[in-house]
Amino acid sequence: MERVDHADGRLRITRNGRVTEVVPSEIVCIDDCELEDPIHQGDERFHIIHGRRRQGQGRFWLIGPFVPGGLAAVAALTAAHPELPRRDVVVRGLPWKLRDPGWLGLRLMPVAGLGEFPERDLPTILLRDELKDSDDAK
């Protein structure tokens, strides 16, 4: 079972029977994400939560649009902790391992899933303002 909740001021991520709690002090930034090509990839918004480095390793949590409780939990977290930095970003390409496995376990659709990943797996992220500036320059 997969689920994300906001309780006691922190995110509680449940995946494959394992519960991970993310306290606000571990969060560096929250990205409000959209895929680069919404016509062909879908326009569902999702979140990437960047965590503080541990033992020299960066990490992030991915919370997809269809994860039960995910969007509401992030909204509750940001309402409770408005000091957490947020960015509006566009994601260019979603790697297979970050995609939701879907009904048959196939990761065919570029829909973000749920999990904690090392920083090296982070997809290419463009700030929405940067993308707008590059479009204006054309």
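**View 1. Helix 2 against the strands of the six-stranded sheet.** Helix 2, residues 70–80, lies across strand 4, strand 5, strand 6 and strand 7 (86–92). The helix runs at about 135° to strand 4. The model shown here and in the other views is predicted. Strand 4, strand 5, strand 6 and strand 7 belong to an open sheet of six strands in the order 8-6-5-4-7-9, and the pairing in that sheet is mixed. Its edges are strand 8 (114–118) and strand 9 (124–127), each of which pairs on one side only. On average, neighbouring strands of this sheet are turned by 35° against each other, direction ignored.

**View 2. The whole chain, for orientation.** Three helices and nine strands make up the secondary structure of the chain. Along the sequence these elements follow the pattern β-β-β-β-α-β-β-α-β-β-β-α. The chain has 138 residues, of which 41% count as buried. Taking contacts between residues at least 6 apart in sequence, 58% join residues at least 24 apart.

**View 3. The three-stranded sheet and its contact with helix 2.** Strands 1, 2 and 3 form an open sheet in the order 1-2-3 with antiparallel pairing. Strand 1 (3–7) and strand 3 (18–22) are the edge strands, and each pairs on one side only. The average turn between neighbouring strands of this sheet is 20°, direction ignored. Strand 2 (residues 10–15) pairs with strand 3 in the antiparallel sense over five bridges. Within this pairing, T14 of the chain stands opposite V19 in strand 3. Helix 2 packs on the sheet and touches strand 1 and strand 2. The direction of helix 2 makes about 25° with that of strand 1. Helix 2 also lies across strand 4, strand 5, strand 6 and strand 7, so the helix appears in View 1 as well as here.**View 4. Strand 5 between strand 4 and strand 6.** Strand 4 (residues 27–35) and strand 5 (residues 46–54) pair in the antiparallel sense over six bridges. Strand 5 pairs with strand 6 (residues 57–63) in the antiparallel sense, again over six bridges. I48 can be followed across both pairings. D31 stands opposite I48 in strand 5, and I48 stands opposite L62 in strand 6. The hairpin of strand 5 and strand 6 has two residues between the strands. In this hairpin, Q55 takes a positive phi near 50°.

**View 5. The cysteines C29 and C33.** The structure holds zero disulfides. C29 is in no disulfide, and the nearest cysteine sulfur, that of C33, is 9.3 Å away. C33 is likewise in no disulfide, its nearest cysteine sulfur being that of C29, 9.3 Å away. The cut-off for a disulfide is a pair of cysteine sulfur atoms within 2.5 Å. C29 counts as buried because its relative accessibility is 10%, and C33 counts as buried because its relative accessibility is 0%; the limit for buried is under 20%.

**View 6. G115 and its contacts.** G115 is placed in strand 8, one of the edge strands of the six-stranded sheet. With a relative accessible area of 5%, G115 is buried. Leaving aside its neighbours within four places in sequence, G115 is in contact with R15, F60, W61 and L62. Among these, L62 is the residue in strand 6 that I48 stands opposite. G115 and G64 are 51 residues apart in sequence, and their C-alpha atoms are 9.1 Å apart in space.

**View 7. R99 and the ring of W96.** R99 lies over the face of W96. The distance to the ring centre is 4.3 Å. As for pairs of aromatic rings, the structure holds one.

Terms used:
Residues numbered from 1 in each chain as written. Predicted model: local features only at pLDDT ≥ 70, side-chain atom pairs only at ≥ 80, totals over all residues. Heavy atoms only, no water. Pairing = 2+ DSSP bridges. Phe/Tyr/Trp six-rings, centres within 6.5 Å; stacked < 30°, edge-to-face > 60°. Lys NZ or Arg CZ within 6 Å of the ring centre and 35° of its normal. Axes fitted to C-alpha atoms, helices over the stretch in contact; angles between N-to-C directions. Contact = heavy atoms within 4.5 Å. Buried < 20%, exposed > 50% of the residue type's maximum accessible area, 1.4 Å probe, protein only.
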